[in-house]
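Me: I have a model open in my viewer and would like to go through it with you. Could you explain the reasoning behind each label as we go?

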Amino acid sequence: MPLDTAAIRRQFPIFREEHPPIYLDSAAMGQKPANVIDAMDTYYRLAASNVHRGMYALADEATNRYEASRETVRAFIAAKHRDEIVFTKGATESINLVAKTWGKANLKKGDGVVLSILEHHSNIVPWLQLKEEIGISLRWIDMEEDGSLRMADIDAALKDGKAKLVSVTGLSNVLGTLPPLSDIIERAHRAHALTLIDASQLIAHRPIDVTELNCDFLAFSGHKLFGPTGIGVLYARSPLLSKIPPFLGGGGMVQRVTREEFLPADPPAKFEAGTPPIAEAIGLKAAIEWFTQYPWKDIEAHEHALLAHAIEKLKAIPSLRILGPASADEVAGCVSFTIEGVHPHDLTDILGRQGICLRAGHHCAQPLHERLDIGASTRLSVSLYNTPEEIDRCAEEIRRAIAKLKK
Ligand SMILES: Cc1ncc(COP(=O)(O)O)c(C=O)c1O
C-alpha cells in the first residue's frame with residue numbers, strides 16, 4: 001500500500017511548522033516523530049532514575065524501560081539473544097569498541113583488516129589507529145565505475161589467510177550502493193575472517209536479520225532511525241562478547257572490585273560502563289516502534305519512487321554528474337552529484353537559504369572522494385516523510401542556484 005506521506009508528516013513536529021524545511025538530509029540524521037520525544041519526556045518527567053542499581057519502584061521502572069529497549073532492538077535486527085545487543089553512544093563508538101577491544105586482543109603485526117573504498121571515516125580511522133599501534137595491514141576492496149564492489153579484491157585480500165576481519169558498510173552514505181553482504185560474509189568466513197557490518201545507513205532503508213546474514217558484528221546509530229542522538233548499538237554474535245575484554249572501565253561493568261583487581265560483569269553489562277544513555281535507549285525503542293508500523297515493502301517502494309524521481313530530475317540538469325550507478329534500482333537512501341564549475345558548499349549554502357537541506361562536502365568518506373577524483377560532492381537523501389513535490393522544488397532551486405553561481 002502506498003505510504004500516506006501526509007499522515008506520516010503530521011507525526012513529526014518539525015513538519016507541522018508553518019514553513020517546514022525541505023529536509024533532504026536524512027542520511028545525516030532522521031527527523032524525530034512525536035512519540036520519540038514524548039517517550040523521552042515521560043522518562044525525564046516521571047521515571048527518572050538510574051538503572052540496574054536501585055531497589056525502589058522508580059528504579060525498577062527505569063531498568064525495565066531500558067532493558068525493554070534492548071529487547072526491541074534485538075527483535076528489530078532478529079538477533080537470537082538480548083545479550084548480543086550492547087548500547088553505545090553511536091555507530092562510531094560501536095566500531096571503536098570492536099577495534100579497541102577485539103582488535104587489540106586478537107590482532108598482531110602483519111594481520112589484515114579488509115575495508116571497502118565506500119567506507120565512512122568511522123569504519124576507517126579506528127583501523128588506521130590499529131595500523132599505527134600494532135602494525136596491522138589494511139587491505140582495500142576497490143569499486144567498479146558504477147560503485148559496485150570489486151569482489152575479486154575481497155578474494156585477493158583474503159587469499160594469504162592473514163586477514164582476520166572484513167569490515168564493510170551495508171549501504172554507502174555517498175553513492176547509496178548496497179554491497180552484497182551475504183556474499184561478502186560467506187567469503188570472509190570461508191577464509192576464517194570475522195565480519196563487521198556498518199549498518200548506519202542500511203538500518204533505516206532495508207530490513208536487517210543478523211541471524212540470517214550471519215555477520216559477527218553489526219553497528220548502527222539511533223539518530224538515523226528517527227531516534228535520539230547519543231545512542232547506538234553494537235550487535236556481536238554470541239559468544240564473541242564473552243571473549244572480548246571490556247572497553248571502558250567503571251561502575252556497572254563489574255561483578256566485583258578489590259584493591260588489586262576486578263572481575264568484569266557478563267555481557268552486555270561488561271561493555272556498558274557508567275550510567276548508560278537511559279532516556280536515549282527509551283527514545284530508540286519508541287523510534288523502532290514508530291518505524292515498524294510501516295511494512296518494509298511500502299517504505300522501500302516509496303523511497304525507490306523518490307530516488308527514481310530525483311535521479312530523473314537531476315539528470316536533466318546540464319553539467320550535473322551523478323556519482324555511482326544513477327539508477328534507483330541499484331541504490332537506496334541517497335544520491336550524490338557534482339556540478340561542473342559549482343562548488344557543493346556554494347550550492348548548498350544557496351539552497352539552505354531557501355529552506356532546502358542538502359549536504360555538501362566529503363561526507364566523512366575522503367578515500368572514496370579521492371577514488372572518484374573529486375574533493376567534495378552534494379548529497380540528496382530521502383526518507384519515508386519526503387514527497388516528490390519536495391524533490392521538484394529542490395531541482396528547480398538547484399537550476400536557479402547554478403544560474404546565479406555561473407553568472
Ligand atoms: C556509513 C556510516 N557509518 C558511520 C557513521 C557514523 O555514525 P555516527 O556519527 O552516528 O556514529 C555514519 C554517519 O553518517 C555513516 O553514514
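**Strands, helices and domains**

Reply: Gladly! Let us start with a strand pair: β11 and β12 run antiparallel to each other and share three bridges. Please keep in mind that this is a predicted model.

Me: What makes β11 and β12 count as a pair?

Reply: A pair needs at least two bridges found by DSSP. β11 and β12 have three bridges, so they meet the cut-off of at least two. As for a residue in this region, arginine 321 has threonine 338 in β12 as its bridge partner.

Me: Which strands make up the open sheet, and in what order?

Reply: The order is β11-β12-β15-β14, four strands with antiparallel pairing.

Me: Why do β11 and β14 stand at the edges?

Reply: β11 (320-322) and β14 (359-361) each have a single partner strand, so each has one side without a neighbour in the sheet. On average, neighbouring strands here are turned by 30° against each other, direction ignored.

Me: Which strands does α11 touch where it packs on the sheet?

Reply: α11 touches β11, β12 and β15, and its direction makes about 10° with that of β12. Helix α12 (residues 344-353) also packs on the sheet, touching β12, β14 and β15. The direction of α12 makes about 160° with that of β14.

Me: Why is phenylalanine 87 called buried?

Reply: The cut-off for buried is 20 or more other C-beta atoms within 10 Å. Phenylalanine 87 has 24 C-beta neighbours inside 10 Å, so it counts as buried. This residue lies in strand β2 (residues 85-88). Leaving aside residues up to four places away in sequence, phenylalanine 87 touches Ile231, Val233, Glu272, Pro276, Pro277 and Ala281. Isoleucine 278 is 191 residues away along the chain, yet its C-alpha atom is separated from that of phenylalanine 87 by 9.6 Å.

Me: How do you know that domain 1 and domain 2 touch, and how many residues are in contact?

Reply: Residues are in contact when their C-beta atoms lie within 7 Å. In domain 1, 23 residues are in contact with 23 residues of domain 2. By class, the domain 1 side has 13 nonpolar, six polar and four charged residues. The domain assignment gives domain 1 as 5-29 + 295-405 and domain 2 as 37-291, and their C-alpha centres lie 28 Å apart.

Me: What surrounds the ligand, by residue class?

Reply: The shell divides into one nonpolar, 10 polar and one charged residue. Among the residues around the ligand are Ala91, Asp198, His120 and Ser122. Ala counts as nonpolar and Asp as charged, so Ala91 and Asp198 fall into those classes.

Notes
Residues numbered from 1 in each chain as written. Predicted model: local features only at pLDDT ≥ 70, side-chain atom pairs only at ≥ 80, totals over all residues. Near = placed C-beta within 6 Å. Domains from an automatic or database assignment. Contact = placed C-beta atoms within 7 Å. Helix = DSSP H or I, 4+ residues; strand = E, 2+ residues; numbered from the N terminus. Buried ≥ 20, exposed ≤ 12 C-beta atoms within 10 Å, placed from the backbone. Axes fitted to C-alpha atoms, helices over the stretch in contact; angles between N-to-C directions.
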